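Here is a short tour of one protein model. Keep the sequence and the 3D view side by side as you read.

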Amino acid sequence: MAGKNVSDATLRNWQRLNSDVENKLQHRANKSCSRKRIFPLEYIQNKDTLLFIEQVLLLVKKRGVTRYDIIYSLAVKLLEKAGIADTRRARLTLLEFSGTLLSEFPAPPADETDILGLVYQCLLCEGEKNKNGSYYTPPDVTTEMLSDFDVSDGKTFFDPCCGSGAFLLAAKVESPLQLWGCDKDHVAVFMAKVNLLCRYPDCDFSPRIYCFDYLKAKMEQKFDFIATNPPWGTEKSSRGGERFSRFFRRAAEQLAEGGKISFLFPESVLGIKSHAEFRRFLLENTSLEKVRLYDGVFSGVMTKYVSICAGKAPGKTHFLLSDGKFDRQIAVADICKDSDCTFCFVSEEKRKILDQINSQRHFDLSESTFALGIVTGDNKNKLFNTQKAGMEPVITGKEVCRYTLSPAVKFLRYDRDTLQQTAPEMYYRAPEKLVYKFISNQLVFAYDNAGLLCLNSANILIPEIPGMSIKTVLAFLNSDVLRYYYQEMFKDVKILKGNLMQLPFPEISPDVAVEIDRLTDYILRGCDAFEKDLQALIYRCYKLSSEQIQLVNNTLYPEGER
């Protein structure tokens, strides 16, 4: 991606400009937003653009102008460059936007598909981007997602949350009148209109881009093709779950006969239990055609993403799975046979291992107690690096190691009335509990019998599994078997309660339980040499063959070292 062209010196310069720019822009924007600024390197196509962005940020710093002035002035420059600034259609579009034309404004770079959207992303603070799910889609991704769309013969294309128009610009239509879009951000709507006017300078048309919330508006029109990158925010509704799921359902209803839909989702949509209802809707109400896995992430977002392309009506027996290098056909029936319709894309060898682990499932964590760590609401003023009178240590995710906790390095005053969110105190003070690292791509659980407080990066589990003590459960959760199972089944950088509740635990004899407890006790006392015996014992609990054990080890430890 283009981020490879960004030098460390440039990034340092951008960060130096960031605080001053943020202060000036926030004065006119939302002061409650995060002050951190994220530069969408994946959106940059031309390395000369870096200098232009620096010039824009310097202009904001020196002049104290608003983001609206920046976007308006850049739009005028682009319309002038396209030779249509004096046309009626351009003047009407400019009149819709309340910005001031800056007399001193740098010339925009060439060969940048969407410089307006790029600059806007650089001016938005992290809090606004997270709240609104405003992460624009890189050109190479939009091109890939529309590669199976044939928008010829006047067929219509619609983007229900179009942003600055990335998908509209990527659609290969004969006329801009085939393109429709909407967004609830009036700045985005303005940018999308300007982008389309510049893309089709010889056409006399009014862009069919409208400012409204797609989930609240009434649209009866049907479209031949619909594609978008919906908001990934955490806003939920009792009427249909996550916002991106609701966008997809609504858009699927607006497809014309024979139409196709293509959406970009967080990769977690394929496996997390909370998205099971969406997966069932996808399989039962559309004709799934393609799932495309991507390696990259958006700047400021940790999760990877996937695109899903589907047809109007169900009926296909197989769909294409692609990672950009290899393609293979997957049977829809293989997904549907799982009660949660989990998309688990693994080789046949790995599938046999997962099936063998599942075959020993007698118990799970569904009857156990989960509790979230403390959310202070103001870490800067409530967390301290040194312990003062009335304060106590608090564990963060950084101190959670396999089996044991490192000494706490943060301290707080435990006054529940002043903290934003806390679990019932009895869970923090439990005589025994497990603490797990929340931000992680693998299972990391530690034992605590000291009643320590935990921050929200270190959550709590008090397990309840027949025939197993808390230390036995600890051993299973830190085992190679369940670590492998979790990594293959759930693609996420967070350890989520819904996923943990799906982990399979075997039935074990009292003698095996005693032996696992004994070995775990040794490890808790610092005798790591006993872990090899413990791992071997847990492998036997799942009745894995030596060949399967070897494949698990090769997957977890590709260099042959623990």
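How many disulfides does a search of the whole structure find? It finds 0. Cys211 shows one case: its sulfur lies 9.0 Å from the closest cysteine sulfur, in Cys182, and that is too far for a bond. Cys211 is partly exposed, because its relative accessibility is 43%. Cys309 has a relative accessible area of 5%, so Cys309 counts as buried.

**Confidence**

This is a predicted model. The protein chain has an average pLDDT of 87, and 87% of the residues score at least 70. Some stretches score lower. Residues 1-6 have a pLDDT below 50, and beyond near neighbours in sequence this stretch has 12 contacts in the model. The pLDDT is also below 50 over residues 19-35, a stretch with 34 contacts beyond near neighbours in sequence.

**Nonpolar cores**

Start with a general idea. In soluble globular proteins, nonpolar side chains tend to be buried together. Now look at this model. Its largest nonpolar core has 102 residues. Ile70, Phe157, Val291 and Phe343 have the most contacts inside this core. Which helix gives the most to this core? Helix H9, residues 186-199, does, with 9 residues. Another core lies apart from the largest one. That other core has 48 residues, among them Leu434, Leu503, Phe505 and Leu534.

Pick out Ile70 for a closer look. Beyond its neighbours within four places in sequence, Ile70 contacts Val56, Leu59, Val60, Val65, Leu102, Phe105, Val119 and Leu123.

**A mostly covered helix**

Helix H10 spans residues 243-253. Of its 11 residues, 9 are buried, and the helix is mostly covered. The buried residues include Phe244, Phe247 and Phe248. Arg243, Arg246 and Arg250 are also on the buried list. So are Ser245, Ala251 and Ala252.

**The sheet of four strands**

Next, find an open sheet of 4 strands. The order is S12-S18-S15-S16, and the pairing is antiparallel. Strands S12 (369-371) and S16 (445-448) are the edge strands, and each pairs on one side only. From one strand to the next, the twist averages 30°. Helix H16 (residues 470-477) packs on this sheet. H16 touches S15, S16 and strand S18 (458-462), and its direction makes about 160° with that of S16.

Strand S15 covers residues 433-437. S15 pairs with S16 over 4 bridges in the antiparallel sense. S15 and S18 also pair in the antiparallel sense, over 4 bridges. The table shows some residues of S15 and what stands opposite them.

| Residue in S15 | Residue opposite | Strand of that residue |
|---|---|---|
| Val435 | Ala446 | S16 |
| Leu434 | Tyr447 | S16 |
| Leu434 | Leu461 | S18 |

Why is S15 described as largely enclosed by the rest of the structure? It is because 5 of the 5 residues of S15 are buried. Which way do they point? Lys433, Val435 and Lys437 point one way from S15, while Leu434 and Tyr436 point the other way. Leu434 also belongs to the core of 48 residues.

**Two residues to compare**

Thr472 lies in helix H16. Is Thr472 buried or exposed? Its relative accessibility is 0%, so Thr472 counts as buried. Leaving out residues up to four places away in sequence, Thr472 touches Ile508, Ala513, Ile516 and Asp517.

Gln442 sits in the loop between S15 and S16. Gln442 is partly exposed, because its relative accessible area is 22%; the cut-off for buried is under 20%. Beyond its neighbours within four places in sequence, Gln442 contacts Arg483, Gln487 and Ile495. Where along the chain is Asn478 relative to Gln442? The two are 36 residues apart, and their C-alpha atoms are separated by 9.3 Å.

Key. Residues numbered from 1 in each chain as written. Predicted model: local features only at pLDDT ≥ 70, side-chain atom pairs only at ≥ 80, totals over all residues. Heavy atoms only, no water. Buried < 20%, exposed > 50% of the residue type's maximum accessible area, 1.4 Å probe, protein only. Helix = DSSP H or I, 4+ residues; strand = E, 2+ residues; numbered from the N terminus. Core = buried A, V, L, I, M, F, W, Y, C linked by side-chain atoms within 4.5 Å. Contact = heavy atoms within 4.5 Å. pLDDT = per-residue confidence, 0-100. Pairing = 2+ DSSP bridges. Axes fitted to C-alpha atoms, helices over the stretch in contact; angles between N-to-C directions. Disulfide = S-S within 2.5 Å.
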